[in-house]
Amino acid sequence: MTRVAATLLACVMVGGGTTAAYAVLDEAPVPAAGTAEGYRETRLFFGTARPGGGEPVTEAEFEAFVAEVVTPRFPEGLTVQEGDGQWLDEHGVIERERSYELVLYYPAADAGAGDREIEEVRAAYLGRFDQEAVARVDDRVRVDF
């Protein structure tokens, strides 16, 4: 499954109002190229609008979340990008909001442990900020640092 197809699948799933949009890829081995190693890439999409019209999640709140919840689980590194997103909520309303994309890379051999940690991150965000969903997209990639 290509990254584009996985992203579209995640968008369709989020658009359908599911609370756990999540594309699972097959476990085909990643071909080696040079010294690159097989890794998993996981992208999480965090909305900032709060249900019921409350104040959106602030940049400071999101940074604290990353520091307290994400970094302890993925100390090797991560990338956060700010964006604008939209999706169809469970009530059929198109929600437009400032959002954050979190990108994580971890060895494919550690996918089981990584998966558990990622699900803990998603659950923590849902609970802390009263969110309906955190979208997740996974892909197998080759990484060379």
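**Exercise 1. Strand pairing**

Tyr39 stands opposite Pro107 in strand 4. Task: state which strands pair with strand 2, and in which sense.

Solution. This is a predicted model, in which local features need pLDDT of at least 70 and side-chain atom pairs count only at pLDDT 80 or more, while totals for chains, interfaces and linings use all residues. Residues are numbered from 1 along each chain as its sequence is written, and side-chain values use heavy atoms, with hydrogens and water left out.

Step 1. Helices (H or I, at least four residues) and strands (E, at least two) are DSSP runs, numbered from the N terminus. The protein chain has three helices and five strands, in the order α-β-β-α-β-β-α-β.

Step 2. Two strands pair if DSSP finds at least two bridges between them. Strand 2 and strand 4 are antiparallel and share nine bridges.

Step 3. Strand 2 is also joined to strand 5 by nine bridges, again in the antiparallel sense. Within that pairing, Glu41 has Asp139 of strand 5 as its bridge partner.

**Exercise 2. Charged residues and accessibility**

Task: decide whether Glu41, Arg136 and Glu76 are buried or exposed, and list the polar contacts given for the side chain of Arg136.

Solution. Step 1. Buried means under 20% relative accessible area, exposed over 50%, and partly exposed in between (1.4 Å probe, protein chains only). Accessible areas come from the Shrake-Rupley method with a 1.4 Å probe; for residues, only the protein chains shown count as cover.

Step 2. Glu41 is found in strand 2 and has 3% relative accessibility, so it is buried. Eight of the eleven residues of strand 2 are buried, so this strand is largely enclosed by the rest of the structure.

Step 3. A polar contact is a pair of N or O atoms within 3.5 Å; within protein, one must be able to donate a hydrogen and the other to accept it, and residues adjacent in sequence count only if both atoms are side-chain atoms. The side chains of Glu41 and Arg43 form one at 3.4 Å.

Step 4. Arg136, in strand 5 (residues 135-143), has a relative accessible area of 1% and is therefore buried. Its side chain makes polar contacts with the side chains of Asp115 at 2.7 Å and Glu119 at 2.6 Å.

Step 5. Glu76 sits in the loop between helix 2 and strand 3 (79-88). With a relative accessible area of 70%, Glu76 is exposed. Its C-alpha lies 9.3 Å from that of Leu104, 28 residues away in sequence.

**Exercise 3. The nonpolar core**

Task: find which elements give two or more residues to the largest nonpolar core, and which residues Tyr125 contacts.

Solution. Step 1. A nonpolar core is a set of buried Ala, Val, Leu, Ile, Met, Phe, Trp, Tyr and Cys residues joined through side-chain atoms within 4.5 Å. The largest has 18 residues, of which Phe46, Phe62, Phe65, Val70 and Tyr125 touch the most other members.

Step 2. Two or more residues come from each of strand 2 (37-47), helix 2 (59-73), strand 4 (94-107) and helix 3 (111-129). Helix 2 gives the largest share, five residues.

Step 3. Contact means heavy atoms within 4.5 Å. Leaving aside neighbours within four places in sequence, Tyr125 contacts Phe46, Gly47, Thr48, Val57, Phe62, Phe65, Asp130, Gln131 and Val134.

Step 4. For the whole chain, 37% of the 145 residues count as buried.
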